[in-house]
Amino acid sequence: MTQRVHSIAVIGGDGIGPEVTAAALEVVRAAGVSVTTREFDLGAARYLRDGFVLDDATLEELRGFDAIMLGAIGPAIGDRRIPGGTLERGLLLAMRFGLDLYVNYRPFHGVEGSLAAGCDFAIVRENTEGPYAGEGGALRHGTPHEVATQGSVNTRFGVERCVRYAFERAARAAVPKVTLVHKTNVLTFAGDLWSRVVAEVGAEFPGVAVDYHHVDAACIYLVEDPQRYSVIVTDNLFGDILSDLAGAVTGGIGYAASANLNPTKTGASLFEPVHGAAHDIVGTNRANPLAAVSSAVLMLEHLGEEEAAARIARAVRDFEGDAAILGTSAVTAQLLERL
Ligand code: IPM
Ligand code: MN
């Protein structure tokens, strides 16, 4: 059998990003997957050096890879040299929108000792619309009569493709159930669209149960009764907030992985840990690579390398010890041993 070679664009980024990405790549290669990599120097450090964020040519180059691995993007906390939104909108969201990464898939497994110990669930977050779309503007800026609007964009097309992905995932999950999380009692226009789409798409999946929670109630359930959830589907902003909460109750975002997916595969999908750049521990060998490794597992599943993905996922699940204490190289070594 000829082995496939996958081309991976690597955006290590800032802070501990390059360290955890390198660890994840080491684990991927040790699992027997053939990859060629090309590094892209993007992020806060690059911007501070020469003002470059992202351009069309680079975006087109990225599109051509089989996948993109991203470490972390962002300046150190307290570094005010980069205006807010420059990298978030200019780089991260530009890739999500430009590559049509319309699902942000974030699986969670409650580690021992966490509030959600033993629970498995996933958040399917719409990744190209909602308040993130950038609709709105400001009038009379800086005056006492200033107006700022920030609309939430919800298209039938965008909602439906995200909801469909959630049902497809749920159909293969241990507990086949989709929970829509929204605020339909207040956000009545968007809520109505989401509710109808969930009901319609749900009818195509008779084996998948359907539930609904308001987002405020979901925050309580995630803390007090997380076993209610299997697949949560929600809009971009609710999904952003809920996935940090889900990370916290399942053991900390040191473990949380994410896949920015273009399920139709018309361009590269992007895989990144949920955590940030943690500049305070750069170069100290203290970065926990488990979230980056778990993101690589999602990448391998997307690339059709299910067997290697399952082996790495098992190694992560069987991992023993406190990753934050053991440090990057010891955690990586333990994973390599378990493979
Ligand atoms: C995330 C992050 C991003 C988001 C930021 C950095 C723009 O918080 O991936 O969850 O809000 O989506
Ligand atoms: Mn977030």
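This text describes the surroundings of ligand 1 and then the largest cavity of a predicted model. Local features need pLDDT of at least 70 and side-chain atom pairs count only at pLDDT 80 or more, whereas totals for chains, interfaces and linings use all residues. Residues are numbered from 1 along each chain as its sequence is written, and side-chain values use heavy atoms, with hydrogens and water left out.

Ligand 1 is surrounded by Glu 88, Leu 92, Arg 96, Arg 106, Arg 125, Tyr 132 and Asp 240, each with a heavy atom within 4 Å of the ligand. By class, this shell holds two nonpolar, no polar and five charged residues; Tyr and Leu count as nonpolar, and Asp, Glu and Arg as charged. Helix H4 (residues 86–98) gives the most to the shell, with three residues; helices are DSSP runs (H or I) of at least four residues, and strands (E) of at least two.

Three side chains make polar contacts (N or O atoms within 3.5 Å) with oxygen atoms of the ligand. The distance is 2.7 Å for Arg 96, 2.9 Å for Arg 106 and 2.6 Å for Tyr 132. Taken alone, ligand 1 exposes 320 Å², of which the protein buries 73% (Shrake-Rupley method, 1.4 Å probe).

The largest cavity encloses about 40 Å³, as a set of points on a 1 Å grid where a 1.4 Å probe fits but cannot get out. Its lining (residues with an atom within 4 Å of a point) includes Thr 21, Met 69, Phe 271 and Ser 295. H9 supplies the largest share, three residues. The lining has seven nonpolar, two polar and no charged residues.

Conventions:
Chains lettered and ligands numbered in written order. Polar contact = N/O pair within 3.5 Å; in protein donor to acceptor, adjacent residues only side chain to side chain. 1 Å grid on protein atoms, 1.4 Å probe; cavity = no way out; pocket = protein on both sides within 12 Å on 5 of 7 lines; lining within 4 Å. Points joined across faces, edges and corners; volume = space filled by probe spheres on them.
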